[in-house]
Amino acid sequence: MTFLSILCALLLEQMKPLRADNPIYANIKMFAVRMETWFNAGQASHGRMGWFLVMAALMVPTALIYWVLLRYNLILGAFAWNVLIVYLTLGFRHYSHYFTSIQLALNAGDEATARGLLAEWTRQDTIGLESNEIARIAVEKALITTHRNVFGVFFWFLLPLGPAAAVMYRVSEYLARAWNEPDHMKNEAFGQFAAKAFYWIDWIPARLTAVAFAVVGNFEDAIYAWRNFAHRWRDEAIGIILAAGGGAMGVRLGTPQENAAKVVPADAATVDISDVEVETLPGDEPSVRALQSTVGLVWRALLLWMLLLLLMSGAMALG
């Protein structure tokens, strides 16, 4: 049932993608805002309480409906519920139009349009970015979005809690952003637990995604970049995914700071820079071709996940 649920949800999303601004997501966002308003009194413990209440409010009904359907042998109903939850928690096509439009704009040499699309997608300043920087940011955004909207959901859906666990993953990822990234929340203690909870929830999925990228790409460069450069990113999970993904494609991802040579001592004025060992990420500078490579990498990784899932489902059925 698990394999067929994911397969049907993927096919459904390909035929009718769920918009990122759909009413279900909007209501969850409003609920998260209300919980932050009600519980945020400046302490981390309040954020922990709010996080567990949000999770309980969304996970318990999801799990209860699934359990009732199975309890009364409503197999088709349980299957349909699984498909619905996976469809709602997946985001394979939520932002693909941005990526495709940026690729088309860069291929046409229209950097202004590509910058505008990238700014709308990432919500960051893109003024003055050249084509290689636009391509780099688009590739990084695509890899991270695919991991969090697809592969992370797959992992948790495969666990015993099934649809409830998939809901937990997507909601925890959203709370980690919503309660920490906005300007008025960056220095608040309220979001600390949400960020820490998602770090541990995403610990295994992030590494499995990196392994998948390595297997379907350049394995040696992916593992080398993962082992030697992932720590340069401030966010450990992002560093692992981007280092492995870039190595798998032969593309050098990350900002100049993350791609920099070995850190020079504070008394660099007395150091001969030529004597400092330079060690940079493997691969070429990002270009328009990197966007196409990203599409291929993501689809191959998706097929690998589906193949492994099919083998696991077959082994369980035979057992």
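What separates arginine 177 and glutamate 173 in helix α8? The two residues are four residues apart in that helix, and about one helical turn therefore lies between them. In this predicted model, their side chains form a salt bridge with an N to O distance of 2.6 Å. The two partners fall into separate accessibility classes. Arginine 177 has a relative accessible area of 30% and is partly exposed, whereas glutamate 173 has a relative accessible area of 5% and is buried.

Glutamate 173 also takes part in a salt bridge with arginine 148, where the closest N and O atoms are 3.7 Å apart. Because arginine 148 belongs to helix α7 (residues 131-157) and glutamate 173 to helix α8 (residues 163-178), this pair ties together parts that are 25 residues apart in sequence. Burial applies to both arginine 148 and glutamate 173. Glutamate 173 is thus bridged to arginine 177 within helix α8 and to arginine 148 in helix α7.

Across the whole structure, the search returns seven salt bridges. Among the residues involved, Glu133, Arg136 and Glu140 are joined in a salt-bridge network. A further salt bridge is formed by glutamate 285 and arginine 252, with 2.8 Å between the closest N and O atoms. Both glutamate 285 and arginine 252 are located in the loop between α12 (236-249) and α13 (288-318), and the pair, 33 residues apart, links distant parts of the chain. The relative accessibility of glutamate 285 is 46%, so this residue counts as partly exposed, the upper limit of that class being 50%.

Helix α13 contains threonine 294. With a relative accessibility of 2%, threonine 294 is classed as buried, because the value is under 20%. The side chain of threonine 294 comes to 2.8 Å from the backbone oxygen of alanine 290. When residues up to four places away in sequence are not counted, threonine 294 is in contact with Phe99, Val139, Ala142, Leu143 and Met249. Of these contacts, Val139, Ala142 and Leu143 carry numbers within the range of helix α7 (residues 131-157), and Met249 has the last number of the range given for α12 (236-249). The surroundings of threonine 294 therefore include residues from helix α7, in addition to the backbone oxygen of alanine 290.

Definitions and conventions. Residues are numbered from 1 along each chain as its sequence is written. This is a predicted model: local features need pLDDT of at least 70, side-chain atom pairs count only at pLDDT 80 or more; totals for chains, interfaces and linings use all residues. Side-chain values use heavy atoms; hydrogens and water are left out. A salt bridge is a side-chain nitrogen of Lys or Arg within 4 Å of a carboxyl oxygen of Asp or Glu. Buried means under 20% relative accessible area, exposed over 50%, partly exposed in between (1.4 Å probe, protein chains only). A polar contact is a pair of N or O atoms within 3.5 Å; within protein, one must be able to donate a hydrogen and the other to accept it, and residues adjacent in sequence count only if both atoms are side-chain atoms. Contact means heavy atoms within 4.5 Å.
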